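Let's work through some exercises together. Try each task on your own before you read the solution under it.

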Amino acid sequence: MTTELDQSPMHDRSPMMDLLQSSTVAGPDDAERLLPGLDEAIATAAASAQPPSGRHRRFAWGLGAVAAAAVVAFVLLPHGPPPAQPLERDLVQSGSGRDIVLLEGVNLRVEGSGSVGGTTRHPVLSWDQGALGVEVTPGAVEGLAVHTAEGAVHITGTAFSVTRDALGTHVDVHRGSVDVACTDQPAQALTEGDGTTCLPTTAGGLLGRAHALEDQDADTGLVVQTLEHAAARGPSGALAHEICLGRGLGLRKLKRIGEAQVVVAACLDGQAGGRQQDLMLLAVELAIQAEDCGAVGDHIEALGALGPPLRARCDAIGSP
Amino acid sequence: MSMRMPERWDAVQRGDRAAIETMCRTWLPVVLQWTRRLGGPRVDADSATQEVFIVALRRLHTVRAPEAFERWLFSVTRRVLSQHRRAVWGRRWESDQQVDDMSGPANPEADFTRMTQATQIQEVVATLPEDLAAVLVLYDVEGRTMPEVVDMLGVSEGTLRTRLRSARAQFRKVATKRGLIPEESK
């Protein structure tokens with residue numbers, strides 16, 4: 001598994017990479033400096049730990065997969081356009097936000113990366129990542145579109161901001177009125193002070209939403225439902241395993257043990273992914289909970305050093 | 001390598017406070033390096049690192065296999081950094097900054113030149129898409145092997161190679177544009 005990968009490509013040991021490495025090194029002194037700030041979190045973690053068998057598990061979301069891939073279009077349609085000229089420019093800004101006058105009457109607040117295309121009459125912003133604010137004086141352009149990654153939104157208004165996070169794409173109207181039509185959702189009219197969220201449309205995006213819902217201690221049923229939508233998109237590899245694991249843990253939390261077993265077994269029968277070991281562990285724990293370890297003997301074997309204590313628990317309930 | 005598996009994992013899982021503290025001491029520097037390298041100079045790396053541990057300690061019990069710990073911790077770090085970048089953006093959006101006119105030369109690096117070279121490099125890494133920056137940091141900066149990075153990111157070998165190529169190319173492009181690399185040395 002490692003042979004070819006170990007040989008190529010070569011590490012880039014340029015002076016710049018070396019400088020970045022050496023200038024950001026952290027050590028034990030840093031740990032001692034930061035540790036006091038974690039006192040409360042450590043005490044809570046120590047107090048809330050429970051033995052594995054009776055643990056009230058929360059979802060384990062290992063891989064990011066937060067980056068969704070879908071399409072969003074924001075369209076702004078004031079009147080009185082100036083003569084059209086082609087626009088072409090990259091928009092890249094990290095760290096702090098940058099204010100840009102795209103055209104007279106069209107102001108942007110950029111933090112992230114994307115590009116500008118189209119014409120001065122119909123600017124098209126292709127937004128790859130990060131946050132973008134748009135403010136348009138009525139009459140400055142005929143139409144302005146922002147393409148990002150979440151469904152399809154059409155907006156008519158004068159000032160709005162778009163924030164993409166794990167929950168989806170949030171559209172907030174600061175001035176004027178806006179029509180928003182997310183993909184797979186009916187169009188809705190928003191006015192100043194209103195906001196809405198367009199949900200992700202890809203498996204990765206939906207997994208990210210499930211992560212964020214779980215962060216907010218949302219209802220487990222809603223999280224599982226989100227993951228089921230993600231699974232229905234036909235993800236593969238590591239993403240499929242991550243979704244599977246989340247579904248299995250969620251169903252277990254809902255005490256739907258049989259369904260959880262079916263989900264986990266199907267994933268383990270399918271293609272390999274980054275969470276093989278976690279899935280096998282969950283399969284065994286579910287089997288123990290169902291008091292029937294008959295179908296998980298191979299998993300226990302494959303778990304190596306983790307296997308014997310699991311086997312002992314299986315033996316205790318009288319299964320092979 | 002012992003860095004890949006927290007010491008006394010069972011004790012940590014049982015809630016042994018001393019074991020949890022030891023684990024924090026071991027991994028705080030690792031995470032601090034990640035937040036410094038991936039977050040860029042405008043993200044408060046100390047604060048982000050502590051937040052990573054607050055989240056991680058709350059969710060420690062969700063890590064089933066100790067071998068998965070480092071990968072899981074890295075994913076928590078990436079998510080926390082993403083939130084920090086958004087927070088920085090939101091604050092700036094609220095309180096206005098100077099306006100750059102796009103009709104002028106494409107040179108937003110006015111204050112860039114005032115940074116130290118190391119900070120400039122951090123800034124360039126922070127301009128990369130997050131997936132590319134992660135590959136660059138793990139492979140070229142931290143010198144991990146390809147299989148290790150494959151494991152950390154949970155992507156295929158082919159995807160990793162493609163991302164590494166793109167990351168290096170984009171880094172070189174931005175670094176050249178900002179004068180960190182001379183034009184002729186491609």
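Below are five exercises on this predicted model, each with a worked solution.

**Exercise 1. Getting to know chain B**

Task: Find out how many helices and strands chain B has, and what share of its residues count as buried.

Solution:
- Step 1: Start by counting elements. Chain B contains eight helices and one strand.
- Step 2: Now put them in order. Walking from the N terminus, you meet α-α-α-α-β-α-α-α-α.
- Step 3: Turn to burial. Chain B has 186 residues, and 56% of them count as buried.
- Step 4: Look at the outside too. The accessible surface of chain B is about 7,800 Å², and carbon and sulfur atoms make up 49% of it.
- Step 5: Finish with contacts. Take those in chain B with a separation of 6 or more: 67% of them are between residues 24 or more positions apart.

**Exercise 2. Rings that meet**

Task: Classify the ring pair B:Trp27 and B:Phe69, then do the job again for B:Phe69 and B:Trp72.

Solution:
- Step 1: Recall what you need. A pair of aromatic rings is described by how far apart the centres are and by the angle of the planes. Over all chains, the structure has four aromatic pairs.
- Step 2: Take B:Trp27 and B:Phe69. Their ring centres are 5.2 Å apart and the planes stand at 75°, so this pair is edge-to-face.
- Step 3: Place the two residues. B:Trp27 belongs to helix α2 (residues 17-39) of chain B and B:Phe69 to helix α4 (residues 69-94) of chain B, so the pair ties together parts 42 residues apart in sequence.
- Step 4: Check burial. Both B:Trp27 and B:Phe69 are buried.
- Step 5: Go on to B:Phe69 and B:Trp72. Here the centres are 5.9 Å apart and the planes are at 40°, so the pair is tilted.
- Step 6: Place this pair as well. B:Phe69 and B:Trp72 both sit in helix α4 of chain B, three residues apart, which is about one turn of the helix. Both of them are buried.
- Step 7: Put the picture together. B:Trp9, B:Trp27, B:Phe69 and B:Trp72 make up one aromatic cluster.

**Exercise 3. A salt bridge between chains**

Task: Work out where the partners of the salt bridge between A:Arg33 and B:Asp46 lie, and whether A:Arg33 is buried, partly exposed or exposed.

Solution:
- Step 1: Look at the pair itself. The side chains of A:Arg33 and B:Asp46 form a salt bridge, with 2.3 Å from N to O.
- Step 2: Find the elements. This pair crosses between chains: A:Arg33 is in helix α3 (residues 28-34) of chain A, and B:Asp46 is in helix α3 (residues 45-59) of chain B.
- Step 3: Judge the exposure. Partly exposed runs between the 20% and 50% cut-offs. A:Arg33 has a relative accessible area of 41%, so A:Arg33 is partly exposed. B:Asp46 has 24%, so B:Asp46 is partly exposed.
- Step 4: Widen the view. A:Asp30, A:Arg33, B:Arg36 and B:Asp46 are linked in a network of salt bridges. Over all chains, the count is 18 salt bridges.

**Exercise 4. Two bridges within a chain**

Task: Describe the salt bridges A:Asp99 with A:Arg109 and B:Arg78 with B:Glu130.

Solution:
- Step 1: In chain A, the side chains of A:Asp99 and A:Arg109 meet in a salt bridge of 2.3 Å, N to O. A:Asp99 is in strand β2 (residues 89-103) of chain A and A:Arg109 in strand β3 (residues 106-118) of chain A, ten residues apart.
- Step 2: A:Asp99 is at 9% relative accessibility, so A:Asp99 counts as buried. A:Arg109 is at 0%, so A:Arg109 counts as buried.
- Step 3: In chain B, the closest N and O atoms of B:Arg78 and B:Glu130 are 2.8 Å apart, and the two form a salt bridge. B:Arg78 lies in helix α4 of chain B and B:Glu130 in helix α6 (residues 130-141) of chain B, so the pair ties together parts 52 residues apart in sequence.
- Step 4: B:Arg78 has 14% relative accessibility, so B:Arg78 counts as buried.

**Exercise 5. An unusual angle**

Task: Say what stands out about phi in A:Lys255 and A:Glu291.

Solution:
- Step 1: Most residues other than glycine have a negative phi.
- Step 2: A:Lys255 is not a glycine, yet its phi is positive, about 65°. A:Glu291 also isn't glycine, and its phi is positive, near 60°.
- Step 3: A:Lys255 is in the loop between α7 (237-253) and α8 (257-269) of chain A, and is exposed at 70% relative accessibility. A:Glu291 is in the loop between α9 (276-289) and α10 (297-302) of chain A, and is exposed at 58%.

Key:
Residues numbered from 1 in each chain as written. Chains lettered and ligands numbered in written order. Predicted model: local features only at pLDDT ≥ 70, side-chain atom pairs only at ≥ 80, totals over all residues. Heavy atoms only, no water. Phe/Tyr/Trp six-rings, centres within 6.5 Å; stacked < 30°, edge-to-face > 60°. Helix = DSSP H or I, 4+ residues; strand = E, 2+ residues; numbered from the N terminus. Buried < 20%, exposed > 50% of the residue type's maximum accessible area, 1.4 Å probe, protein only. Contact = heavy atoms within 4.5 Å. Areas by Shrake-Rupley, 256 points an atom, 1.4 Å probe, with all protein chains shown as cover. Salt bridge = Lys/Arg side-chain N within 4 Å of Asp/Glu carboxyl O.
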